[in-house]
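Work through the exercises below with the model open. Each task is followed by a stepwise solution.

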Amino acid sequence: MALVVICGQPCSGKSMAAACLAEALQEAESKPSVRIINESSFHLNRNQSYADMPSEKNLRGVLRSEVDRSLSRDNIIIVDSLNSIKGYRYELWCLARAAGTRYCVVHCDVEETYCRKWNEERKERLDSNYYDDKIFEDLVRRFERPDSRNRWDSPLFELWPSRDGIEKSSAAIVDAVTYLTKKVDSKTKDVKVLQPTIATQSARKTEANSLYELDRATLEVMNMIVEAQSRAMGGPLNGISLGPGLPSVDLSRSVGLPELRRLRRTFIKLTGQSSLSGPPPPSDADSAKRMFVDYLNRELGNG
């Protein structure tokens, strides 16, 4: 039904805004299904996630992929993160357009002095959501304010937490709920439902096929490894053949099912993240198997 992007400086009240908006939406007459996606959804530590540019890029990739999987015309997704880079907000807008849903941005507009003060208070009470000073200053410096003249920042609903606090009854929350739940017909002019283009529809179909093939192929490889180890009954394995034209899996030690599952999850996540700025995941089973086997041989090669 909609994608809501919460943005603002670190420690500006974004999570409170997301929670209030979600609660207000669930109390609306239409009772929409609402889900909040944030770092906590993946048990990610903020200081580790923003420690350097590769880590931050990986975080954005994980959140973006989860938004892409979760978007539908039957729910409202709230992205509760910094969302401080306008290029990233544009990527999220493109996801909403491809899904054919509504889109809006909620900005927590807070002066830096208040953000700095609230971060110190979190640190004093040992709140795990505080930012290290160096990371905090870097994030504050790089924040790109939303501008309602940009299509990816529109419509823009603005909150001023340091001045007015954040409540379900806050004007911006009420306006956002109205926008997100209003029924749309041919006469509705104040609510914009993004329309997918032929290009975005084709891209989503291709990506869905790729992810399906990736998931199926990696599961098949994992099952073949488990079966081969079971047949060996703990004995040495010189190489596990997956079939003609495919590389073998070289194991220098026994690998348990939990470790294989973890490696498979990591591989799928890394492949999805790399596709954000490069080619899409493999669209055929054999290519997916080759990539997964190469990954396993690298990860397990040193035993």
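## Exercise 1: Cysteines

Cys7 counts as buried, at 0% relative accessibility. Buried means under 20% relative accessible area, exposed over 50%, and partly exposed in between, with a 1.4 Å probe and protein chains only.

Ground rules: this is a predicted model, in which local features need pLDDT of at least 70, side-chain atom pairs count only at pLDDT 80 or more, and totals for chains, interfaces and linings use all residues. Residues are numbered from 1 along each chain as its sequence is written, and side-chain values use heavy atoms, with hydrogens and water left out.

Task: find how many disulfides the structure holds, and examine Cys7 and Cys20.

Solution.
1. Take the criterion: a disulfide is a pair of cysteine sulfur atoms within 2.5 Å.
2. Check Cys7. Its closest cysteine sulfur is in Cys108, 7.8 Å away, so the gap is too far for a bond.
3. Check Cys20. Cys108 again holds the closest cysteine sulfur, at 9.7 Å, which is too far for a bond. Cys20 is buried too, with a relative accessible area of 9%.
4. Count: the structure holds zero disulfides.

## Exercise 2: The sheet

Task: give the strand order of the open sheet, then follow its pairings.

Solution.
1. Assign strands (E, at least two residues) and helices (H or I, at least four) as DSSP runs, numbered from the N terminus. Two strands pair if DSSP finds at least two bridges between them.
2. Read the order: five strands run β2-β3-β1-β4-β5, with parallel pairing.
3. Find the edges. β2 (33-38) and β5 (156-159) each pair on one side only.
4. Take β1 (residues 2-8) with β3 (residues 75-80): the pairing is parallel, over five bridges. Leu3 stands opposite Ile77 in β3.
5. Take β4 (residues 102-108) with β5: parallel again, over four bridges. Val106 stands opposite Phe157 in β5.
6. Sort the β5 side chains. Phe157 and Leu159 point to one face and are buried. Leu156 and Glu158 point to the other and are not buried.

## Exercise 3: The lining

Task: say which helix gives the most to the lining of the largest cavity, and split the lining by class.

Solution.
1. List the lining residues, which have an atom within 4 Å of a cavity point. Among them are Tyr50, Glu56, Arg60, Ser81 and Tyr88.
2. Pick the helix: α3 (residues 53-70) gives the most, with four residues.
3. Split by class: six nonpolar, three polar and two charged. Ala, Val, Leu, Ile, Met, Phe, Trp, Tyr, Cys and Pro count as nonpolar, Asp, Glu, Lys and Arg as charged, and the others, Gly among them, as polar.

Conventions:
On a 1 Å grid over the protein atoms alone, a cavity is a set of points where a 1.4 Å probe fits but cannot get out, and a pocket is an open set with protein on both sides within 12 Å along at least five of seven lines; lining residues have an atom within 4 Å of a point.
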